[in-house]
2 protein chains.
Amino acid sequence: MKTDKLARIHVAGWQVGSTEDFLQLSDEEAQLVALKLSLISAVKKSRIKRKLSQIDLAQRMKSSQSRIAKIEAGDPSVSLDLIVRALIASGATTRDIQAAFTAK
Amino acid sequence: MKTDKLARIHVAGWQVGSTEDFLQLSDEEAQLVALKLSLISAVKKSRIKRKLSQIDLAQRMKSSQSRIAKIEAGDPSVSLDLIVRALIASGATTRDIQAAFTAK
DNA sequence: AAATAATATGTCATTATTGACATATTTACA
DNA sequence: TGTAAATATGTCAATAATGACATATTATTT
């Protein structure tokens, strides 16, 4: 994900802004980031719920433990594809995935 | 997306199976494909609804007309990231995106 | 505490995805 | 009909994402 956006100074001053404002993301970028964060959170939740280790999940989706760790750490090298594949492989239902889009 | 899955012969014979069965995708792969298809459909719907040409949408998200065409054509070179970015850039709301996950 | 299991972090060669471009085909409409 | 706008298809050099690996750090169990 690209985060190399130019600053957009917040007129209201030094109130503690949202993460999106602080990092100067456009609305669209902010939406995508929020979506990813939500899905990432769902991955970890689902994995733990099913008592899977990162190695277990990695095997299920033919990835590696380090990739799973990176997914859950929000590493910038991780694609939305991989996040969703992890979510599915972790046993999350369609309903779970859908809920991840709703969740804050 | 990889679709290089070995055949899984359907015991029940030549009933007309689901697309997923026919293409021999694992359940997980089938879920991801279904999700992509749903989102792709949502992109086109949203774009048309807002009366945007593919060129318009491409400019909004700093991509190219040919990429948008490929998104809507379900080209295998298109990532989930790009699809979702297109959906967001087309003006789809969080609610729209969410709905895309529900839709058939 | 020490051993073991789980998770995190860094690197890299291989593979996938990208925007841009040319050009073909289809659609709208004068 | 013809012509312009929109969409589709193919290609490719540049960039991004990948699994695998080594190894560090943190939790858990004995």
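In the predicted model, 2 salt bridges are found across the interface of chain B and chain A. In one of these salt bridges D81(B) is paired with K36(A), and the closest N and O atoms of the two residues are 3.2 Å apart. Polar contacts were also examined between the two chains, and 4 residue pairs are counted in polar contact, both residues of each pair having a pLDDT of 80 or more. On the side of chain B that touches chain A, at least two residues are supplied by each of three helices, namely α2 (27-49), α5 (80-89) and α6 (94-102). The largest share of this side comes from α5(B), which provides 6 residues. When the residues on this side of chain B are sorted by class, 9 are nonpolar, 6 are polar and 4 are charged.

The extent of the protein interface was described next. The size of an interface is often expressed as the accessible area that is lost when the parts come together. For chain B and chain A, the buried area amounts to about 1800 Å², and carbon and sulfur atoms account for 62% of this area. Within chain B, the residues that lose the most area to chain A are D81(B), I88(B) and F101(B), which together make up 31% of what that side buries. D81(B), one of these residues, is also the partner of K36(A) in the salt bridge described above. In terms of residues in contact, chain B contributes 19 and chain A contributes 19.

The surroundings of DNA strand D were then considered. Around this strand lie 20 residues, of which S63(A), S66(A), R67(A), S79(A) and Q54(B) come nearest. Sugar or phosphate accounts for 46% of the atoms of DNA strand D within 4 Å of the protein, while the rest belong to bases. Several side chains approach the bases of this strand. In the side chain of R67(A), an N or O atom is 2.9 Å from a base nitrogen of DNA strand D, and S64(A) has a polar side-chain atom 3.5 Å from a base nitrogen of the strand. From chain B, K70(B) places an N or O atom of its side chain 2.9 Å from a base oxygen of DNA strand D. The surface near this strand draws at least two residues from each of α4 (65-73) and α5 (80-89) of chain A and α4 (65-73) of chain B. Of these elements, α4(B) gives the most, with 4 residues. By class, the surface near DNA strand D holds 5 nonpolar, 9 polar and 6 charged residues.

DNA strand C was described in the corresponding manner. This strand is surrounded by 20 residues, the closest being Q54(A), Q65(A), S66(B), R67(B) and S79(B). Of the strand C atoms within 4 Å of the protein, 44% are part of sugar or phosphate and the rest are part of bases. A side-chain N or O atom of Q65(A) is found 2.9 Å from a base nitrogen of DNA strand C. On chain B, a polar side-chain atom of R67(B) is 2.9 Å from a base nitrogen of the strand, and a polar side-chain atom of S64(B) is 3.5 Å from a base nitrogen of the strand. At least two residues of the surface near DNA strand C come from each of α4 of chain A, α4 of chain B and α5 of chain B. The greatest contribution is that of α4(A), with 4 residues. The surface near DNA strand C comprises 5 nonpolar, 9 polar and 6 charged residues.

Technical notes
Residues numbered from 1 in each chain as written. Chains lettered and ligands numbered in written order. Predicted model: local features only at pLDDT ≥ 70, side-chain atom pairs only at ≥ 80, totals over all residues. Heavy atoms only, no water. Contact = heavy atoms within 4.5 Å. Buried area = accessible area lost by both parts, 1.4 Å probe. Salt bridge = Lys/Arg side-chain N within 4 Å of Asp/Glu carboxyl O. Polar contact = N/O pair within 3.5 Å; in protein donor to acceptor, adjacent residues only side chain to side chain. Nonpolar A, V, L, I, M, F, W, Y, C, P; charged D, E, K, R; others polar. Near = heavy atom within 4 Å.
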